[in-house]
Amino acid sequence: MAQNPAQRTPPPLIPLRFGEDALLWAAWLYYVDGLTQNDIAAQMGISRASVNAYLADARTRNIVSIEIDPDRYRALSIAQALRDHFGLQDCLVIPSGAGDRPLIDRLGAAGSQALSRLVQSGDTIAVTWGRSVLALAQQLDRGGLQDLRVVQATGGTTAKIPWTPEACATRLAEALGARCIPISAPAIVSAPEMRGLLLSEAVVAEQMQVLSQANRIVLGISSLRPESTIHTSGFFDDVAMHSHYHAAVGSIAGRLISARGEPVDGPLEGRTIGIELSQLKTIPCRIGVAGGMDKVQAILAALRGGYVNVMVTDADTARAILASEGYDEVPGSRREGERPPLPERTGVKKFLNRPQDAVNETVAGALLAHEGVLAAVDGAPRALRAVRGPRPGKVGLVIGGGAGHEPGFFGYVGEGLADAVAIGNVFAAPPPDPILAATLAADGGAGVLHIFGNFSGDLLNFEMAAEMAAARGVPVRAVVTTDDIASAPADNRAARRGVAGNVFVFKVAGAACDRMMPLDACADIARRASQRCYSMGIALEPGALLDSRRPSFQLGPGDMEIGVGVHGERGIARARLASADAAADLILDRILDEMQPAEGDRVALLVNSLGSTPQMELYILNRRVRQRLRARGIEVHRTLIGHYYTSLDMAGVSITALHLDDELVSLLDHPCRSPAWTQP
């Protein structure tokens with residue numbers, strides 16, 4: 001008897017990470033998971049003959065030869081590793097670099113694909129707000145469903161941004177043909193008592209009841225950087241974030257979470273109207289859409305906390321998340337004849353006494369080596385000052401960051417450069433107290449300029465020190481360096497890390513201060529120098545931390561890591577080991593693509609060892625860089641080559657180009673004298 005078509009079981013959906021590519025799914029099940037064709041037919045809901053045809057087609061289209069194409073294999077492996085490691089229902093990982101289309105738009109498209117595959121008639125979908133969520137809603141086109149409701153997950157935010165909760169919910173409802181239920185109250189109210197009153201209002205109570213019935217939620221994940229969604233939405237307008245939320249690394253639906261994914265309590269908690277984290281975790285389908293290197297720690301916290309069970313992100317971000325968890329990248333099967341990887345390095349040899357004493361002993365040795373230039377700040381062991389202190393009426397320049405970058409940061413303290421420096425533990429921000437001590441030591445009565453890299457600890461601690469200095473009558477301006485082009489896309493420059501470009505920014509700012517320019521002018525010129533700096537690094541071997549003396553990540557004998565950070569972080573991609581010329585081209589292509597210099601423009605170059613790369617190799621790389629720039633008609637005004645901003649003993653190089661103008665040339669040529677840079 002024939003089966004009623006209405007009673008037939010629909011074929012299973014293709015797992016999200018394979019997109020719509022059934023051939024790739026079949027190839028994966030056969031070549032990686034080792035399933036038989038009968039097993040594959042049952043899992044895919046097709047006939048064995050169809051499986052055989054799929055596998056043949058996959059070979060014809062070069063999806064597989066002896067193995068799955070390495071690029072596809074790597075992306076799928078990362079998605080599967082994320083899914084398995086965090087116990088996700090599914091995961092979609094998109095390429096991090098794809099032409100000129102911004103990452104936010106591509107994340108939105110991927111998120112819309114995920115939601116359209118999962119949504120069903122009768123669903124109640126909660127939605128948070130943010131750039132990625134709005135991009136998802138704008139690119140979603142899923143009709144043919146009935147009885148859908150879309151409800152805001154929080155109250156409203158400032159209308160100064162286009163990605164408000166109201167805009168995200170309205171646009172998503174329109175795309176789905178759903179009924180939109182707003183939350184008729186602000187996301188943040190003035191006092192807990194006001195929150196209680198609003199929640200007791202019949203209309204708001206009814207809307208919150210709908211929210212409690214949500215069976216799916218689409219959520220963005222916000223970092224806590226100044227340009228992040230939660231900051232631009234006005235959440236911290238009247239709250240001192242560092243005083244109450246120093247343990248927080250990210251936020252979901254306006255709720256702050258720690259690195260472990262635990263809620264972080266504070267004054268906003270009793271004033272927030274919207275879904276609570278405990279309620280969010282009860283929703284069966286929780287789709288997180290977020291990416292970018294600036295969000296790695298926030299996304300990791302959300303995954304650790306179990307707030308997401310369907311993750312949509314990009315490959316670089318996913319890889320960094322797995323690296324933070326100590327997860328070794330899933331390798332492809334080795335090609336025939338390829339050498340096996342070298343054994344893991346252990347017990348890297350170092351000239352140390354006790355690792356915990358290394359920073360203090362480094363500072364002590366530097367003071368003895370440069371006693372004509374550097375001096376300790378009384379009562380602050382990790383704060384150093386220039387021997388020739390600030391002149392009356394001169395703006396003071398204070399720099400700082402973690403140890404491990406020697407000669408950064410104390411190497412740039414002296415005449416014509418910084419007046420004082422604060423030093424933290426290895427790869428860790430200095431605490432507020434030594435920053436304050438350095439600030440007071442640098443004060444000549446005209447205010448103090450702080451310059452530091454774009455890392456969360458530095459942002460919080462320098463801000464706190466600036467507030468303490470202001471309370472003592474010392475005005476402070478801050479410039480955050482953002483020159484690492486590998487750490488975030490060009491359309492989100494504010495999220496980039498500050499790396500070796502610091503050297504040029506310190507020099508320009510120090511000269512401006514030495515010329516007795518006013519505080520705001522010094523800050524403006526330093527900010528312009530930072531915006532015109534472009535840096536990128538490649539590692540051949542990772543560095544080893546002092547306490548463990550083990551490499552911070554593993555790298556095969558024939559591989560190099562592209563876009564590494566200066567805190568031992570993995571890069572954004574891994575490639576086969578290239579020649580010096582090819583490596584220089586890889587970096588310079590990225591720099592020139594962003595800088596867009598015209599023929600006849602001038603640059604300053606820094607070819608910097610990340611720790612273990614010798615001068616010989618730096619000169620070889622510089623030779624190629626200069627060849628390329630000469631062919632482009634670009635003049636190199638000044639070149640620095642050597643150890644200027646390292647990452648312990650990492651074997652690698654970073655190249656920085658400062659796009660010069662007449663004022664920057666003049667300040668760069670200004671005389672200076674410090675342990676790392678002396679210029680007559």
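A residue counts as buried when its relative accessible area is under 20%, as exposed when that area is over 50%, and as partly exposed in between. By this scale M516, with a relative accessible area of 38%, is partly exposed, because 38% falls between the two limits. The structure to which these terms are applied here is a predicted model, and M516 is a useful place to enter it, since its backbone also has a feature worth a second look.

M516 lies in the loop between helix 18 and helix 19, the latter spanning residues 519–531. Its phi is positive, at about 65°, although the residue is not a glycine. Most residues other than glycine have a negative phi, and most peptide bonds are trans. A second residue with a positive phi is Q596, which is likewise not a glycine and whose phi is near 50°. Q596 is found in the loop between helix 20 (580–595) and strand 19 (602–609), and its relative accessibility of 53% places it among exposed residues, because the limit for that class is over 50%.

Seen as a whole, the chain has 22 helices and 23 strands, and 55% of its 680 residues count as buried. Among contacts between residues at least 6 apart in sequence, 73% join residues that are at least 24 apart. The chain exposes about 27800 Å², of which carbon and sulfur atoms supply 51%.

From the surface the description can now turn to the interior. In soluble globular proteins, nonpolar side chains tend to be buried together. The largest nonpolar core in this model has 60 residues, and those with the most contacts inside it are I399, L449, I451, F504 and W677. Helix 18, which covers residues 502–514, gives the most to this core, with 9 residues. The core draws at least three residues from each of domain 3 (355–531) and domain 4 (533–660). Apart from it lies another core, of 49 residues, among them A153, M208, A320 and I321.

Two residues show how the surroundings of helix 18 are built up. W677, when residues up to four places away in sequence are not counted, touches a set of residues that includes G411, Y412, L417, V503, F504, K507, R638 and L640. F506 has its place in helix 18 itself, and it is buried, because its relative accessible area of 0% is under the 20% limit. With the same neighbours in sequence left out, F506 touches L397, I399, F409, Y412, L417 and I451. The C-alpha atoms of F506 and V398 are separated by 9.3 Å, although these residues are 108 residues apart along the chain.

One of the residues that F506 touches, F409, leads to a loop with unusual backbone geometry in view of the general preference for trans peptide bonds. F409 has its place in the loop between strand 12 and strand 13, and the peptide bond that reaches it from G408 is cis, with omega near 15°. P407 lies in the loop between strand 12 (396–403) and strand 13 (420–426), and the peptide bond from E406 to P407 is also cis, with omega near 15°.P355 and A631 offer two further examples of residues that are separated in sequence from a partner in space. P355 lies in the loop between helix 14 (315–324) and helix 15 (358–369), and it is partly exposed, because its relative accessible area of 25% lies between the limits of 20% and 50%. P355 touches L546, D547 and R549, not counting residues up to four places away in sequence, and its C-alpha atom is separated by 9.3 Å from that of L545, which is 190 residues apart from it along the chain. A631 is in helix 21, which covers residues 615–631, and its relative accessibility of 71% makes it exposed, because this value is over 50%. A631 and E599 are 32 residues apart in sequence and 9.6 Å apart in space, C-alpha to C-alpha.

A search of the whole structure finds 4 cavities of 30 Å³ or more, and about 80 Å³ of space lies in the largest cavity. Its lining includes D484, V499, A500, N608, L610, Y645 and S654. Strand 16, residues 533–541, gives the most to the lining of the largest cavity, with 3 residues.

Notes. Residues are numbered from 1 along each chain as its sequence is written. This is a predicted model: local features need pLDDT of at least 70, side-chain atom pairs count only at pLDDT 80 or more; totals for chains, interfaces and linings use all residues. Side-chain values use heavy atoms; hydrogens and water are left out. A nonpolar core is a set of buried Ala, Val, Leu, Ile, Met, Phe, Trp, Tyr and Cys residues joined through side-chain atoms within 4.5 Å. Buried means under 20% relative accessible area, exposed over 50%, partly exposed in between (1.4 Å probe, protein chains only). Helices (H or I, at least four residues) and strands (E, at least two) are DSSP runs, numbered from the N terminus. Domain bounds come from an automatic or database domain assignment. Contact means heavy atoms within 4.5 Å. Accessible areas come from the Shrake-Rupley method with a 1.4 Å probe; for residues, only the protein chains shown count as cover. On a 1 Å grid over the protein atoms alone, a cavity is a set of points where a 1.4 Å probe fits but cannot get out, and a pocket is an open set with protein on both sides within 12 Å along at least five of seven lines; lining residues have an atom within 4 Å of a point. Grid points are joined across faces, edges and corners, and a volume is the space filled by probe spheres set on the points.
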